[in-house]
Amino acid sequence: MGSRLDLKEKLFLSYMSGFLDGDGCISLKFEKCKTCSFGYRTRVRISFAQHRSRRKILDYLHDHIGSGTVSEYDHNNMAEYVIHDQTVVGQVLEKIKPYIRIKTKQLALAQKLLSLRKTEGYSESSLKMMLNITREAGALNNYP
């Protein structure tokens, strides 16, 4: 029998997943890295955006998850909560997986990328696979 805390956590994960499906993004990045042996690295990030007048909900997510940053942008009156830590990103993706409805493909590609990086590390062949995964995710997110 589950405890009340388990139910509270399930409700939070369900809420966060809906928020991510609507006003969030799972993005995969393939970027140059001067300190990396092959000159490139991959990153997965999770972000949530809201008008800055509703920043409190982003602070709530940040406080509950305990990682990432909340920033405000003057040019568009928006606020954004971003989770960068790759370990936390992997944990969050695993926890919300049962609740995601719209961004299931992005979540699967992000998990595939994280898994590949963990099992294969960075090599010429793994970087080619990672680049293809990030391109596939970018096409889903309508990013160049």
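The following legends describe close-up views of a predicted model.

**View 1. The aromatic pair of F12 and Y60 joins helix α1 to helix α2****.** The rule for ring pairs gives 5 aromatic pairs in the model. In the pair shown here, the ring centres of F12 and Y60 lie 5.7 Å apart and the planes meet at 70 degrees; because this angle is over 60 degrees, the pair is classed as edge-to-face. F12 belongs to helix α1, which spans residues 4–23, and Y60 belongs to helix α2, which spans residues 55–65, so the contact of the two rings ties together parts of the chain that are 48 residues apart in sequence. F12 is buried, with a relative accessibility of 4%, whereas Y60 is partly exposed, with a relative accessible area of 40%.

**View 2. The aromatic pair of F19 and F48 is edge-to-face****.** The two ring centres are separated by 5.3 Å, and the angle between the planes is 65 degrees. F19 is a residue of helix α1 and F48 is a residue of strand β2 (residues 40–51), so this pair ties together parts that are 29 residues apart in sequence. F19 has a relative accessible area of 8% and is buried. F48 is likewise buried, with a relative accessible area of 1%.

**View 3. Y15, F19, F48 and Y81 form a cluster of aromatic residues****.** The four residues are linked through ring pairs. The pair of F19 and F48, in its edge-to-face arrangement, is shown in View 2.

**View 4. Helices α4 and α5 pack in a roughly antiparallel arrangement****.** Helix α4 comprises residues 104–120 and helix α5 comprises residues 124–140. Their axes are 10 Å apart and form an angle of about 165 degrees; since this angle is over 145 degrees, the two helices count as roughly antiparallel. The crossing of α4 and α5 is left-handed. On the side of α4, the contact is made by K105, Q106, L109, K112, L113, L116, R117 and E120. The residues that they meet in α5 are S126, M129, M130, I133, T134, E136, A137 and L140. By residue class, the contact of α4 with α5 consists of 8 nonpolar, 3 polar and 5 charged residues.

**View 5. N77 has a positive phi value****.** The phi angle of N77, a residue other than glycine, is near 55 degrees. N77 is located in the loop that runs between strand β3 (69–73) and strand β4 (78–83). With a relative accessible area of 36%, N77 is partly exposed.

Definitions and conventions
Residues numbered from 1 in each chain as written. Predicted model: local features only at pLDDT ≥ 70, side-chain atom pairs only at ≥ 80, totals over all residues. Heavy atoms only, no water. Helix = DSSP H or I, 4+ residues; strand = E, 2+ residues; numbered from the N terminus. Buried < 20%, exposed > 50% of the residue type's maximum accessible area, 1.4 Å probe, protein only. Phe/Tyr/Trp six-rings, centres within 6.5 Å; stacked < 30°, edge-to-face > 60°. Axes fitted to C-alpha atoms, helices over the stretch in contact; angles between N-to-C directions. Parallel < 35°, antiparallel > 145°, perpendicular 65-115°, else oblique. Left-handed = near helix turned anticlockwise from the far one by under 90°. Contact = heavy atoms within 4.5 Å. Nonpolar A, V, L, I, M, F, W, Y, C, P; charged D, E, K, R; others polar.
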